[in-house]
Amino acid sequence: MKWKGNRKSSNVEDRRGASSGGSSGGLGSLSPMIIGLLLKLVTSKKGLIIVGIVLAVMYFTGNNPLNFITGNTGNQIESSTTYKGTAKENELAEFSNQVLRSTEDVWNQIIQDYREPTLVLFTSSVSSACGSASSATGPFYCPGDEKLYIDLSFFEEMERNLNAPGDFAQAYVIAHEVGHHIQTITGISKKVQALRGKVSQTEYNKYSVMLELQADFYAGVWAHHSQKDNLILDDNDLEEALNAANAIGDDRLQKQSTGRVVPDSFTHGTSAQRMRWFKKGFDTGDVNQGDTFSASSL
């Protein structure tokens, strides 16, 4: 994939090496500001009692009750040192930045007043408006803050455990998460979420599959226009993306993990479906042909 030397996005938060505060508990989670408050309190007998209560609550619950005093009720991002990734990881960070910029260029042309999402790079764990997540979660998009989150080690997992190597396979992953952003700003995701609890879990899973396949389609639309405008594809790049889509199909993943396939539990679509909708987006480049919810066949 031809990506080096392209323009960068300004919508990237590099949180690699940072820790998600607010959940570790214990005395080690006390910030300097909180320590200062405690030191002031110990100057009086009443203050000593308050400090004792605070430390007891923190020890037994892992929560910091002084957050309510200071108004700090959310998770904080804390980093004690400047993170220095490996050469390979830093190159992946640069790559991800430029892929995001490519999606911005495409979707700004297609959607009027397009609202650009933010890409958050993290290691180990991260906090978002959708809650905390670990690297094991894999890449995800949070509609609450309109950000997509990726631990770059996932790309190594793709190559090592899913047999889905290649830079265009990695670009497909980013473009898929941006596809969920498209669904958020167009109101599609909200309509699907509104069905939760109103239909059976099996029925809701079907809508989830349609949502995921449409995100695959949008990733294909991005690839179509990027190739048309900038000739980004090298030989075999398209095969890399299709191979990645095939590797993360529900049927294939279930077969690998449990040895059996349960279609009613599918939430992302089969390998064949994921490849089909990505390829349809790539072949047509027409967002109007990606209505998976009205399709007679997925």
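In the predicted model, E157 is partly exposed, with a relative accessible area of 31%. Its salt-bridge partner is R160, and the N to O distance between the two side chains is 2.7 Å. R160 is exposed, its relative accessible area being 52%, a value that falls in this class because the boundary is set at over 50%. Both residues belong to helix α5, which spans residues 153-160, and because they are three residues apart they are separated by about one helical turn.

This pair belongs to a wider set of charged contacts, as a search of the whole structure finds 13 salt bridges. Side chains of opposite charge can pair when their charged atoms come close. A second intrahelical case is found in α4 (residues 87-110), where R101 and D105 lie four residues apart, about one turn of the helix. The side chains of R101 and D105 form a salt bridge with an N to O distance of 3.1 Å. D105 is partly exposed, with a relative accessible area of 24%. R101 and D105 are also linked with R7 in a network of salt bridges.

The salt bridge between D234 and K2 joins parts of the chain that are distant in sequence. The closest N and O atoms of D234 and K2 are 2.8 Å apart. D234 is located in the loop between α8 (201-230) and α9 (237-247), whereas K2 is in the segment before β1 (12-14), so the pair ties together parts that are 232 residues apart in sequence. Both partners are partly exposed: the relative accessible area is 32% for D234 and 44% for K2.

The nonpolar interior was examined next. The largest nonpolar core has 56 residues, of which W107, F168, W222 and F278 touch the most other members. Helix α8 gives the most to this core, contributing eleven residues. Apart from this core lies another, of seven residues, including F122, A133, C142 and Y149. For W107, the contacts beyond its neighbours within four places in sequence are Y114, V178, I182, Y218, V221, W222 and V287. One of these contacts, W222, is itself among the four residues of the largest core that touch the most other members.

Helix α8 also contains the polar residue Q214. Q214 is buried, with a relative accessible area of 3%, which is assigned to this class because the limit is under 20%. The side chain of Q214 reaches the backbone oxygen of G290 at 2.9 Å. When neighbours within four places in sequence are left aside, Q214 is in contact with Q183, I188, G290, D291, T292 and F293.

Among these contacts of Q214 is D291, which lies in the segment after α11 (271-284). In contrast to the buried Q214, D291 counts as partly exposed, at 37% relative accessibility. The side chain of D291 reaches the backbone nitrogen of F293 at 3.2 Å, and F293 is likewise in contact with Q214. The C-alpha atom of D291 is separated by 8.6 Å from that of M210, although these two residues are 81 residues apart along the chain.

How values were computed
Residues numbered from 1 in each chain as written. Predicted model: local features only at pLDDT ≥ 70, side-chain atom pairs only at ≥ 80, totals over all residues. Heavy atoms only, no water. Salt bridge = Lys/Arg side-chain N within 4 Å of Asp/Glu carboxyl O. Helix = DSSP H or I, 4+ residues; strand = E, 2+ residues; numbered from the N terminus. Buried < 20%, exposed > 50% of the residue type's maximum accessible area, 1.4 Å probe, protein only. Polar contact = N/O pair within 3.5 Å; in protein donor to acceptor, adjacent residues only side chain to side chain. Contact = heavy atoms within 4.5 Å. Core = buried A, V, L, I, M, F, W, Y, C linked by side-chain atoms within 4.5 Å.
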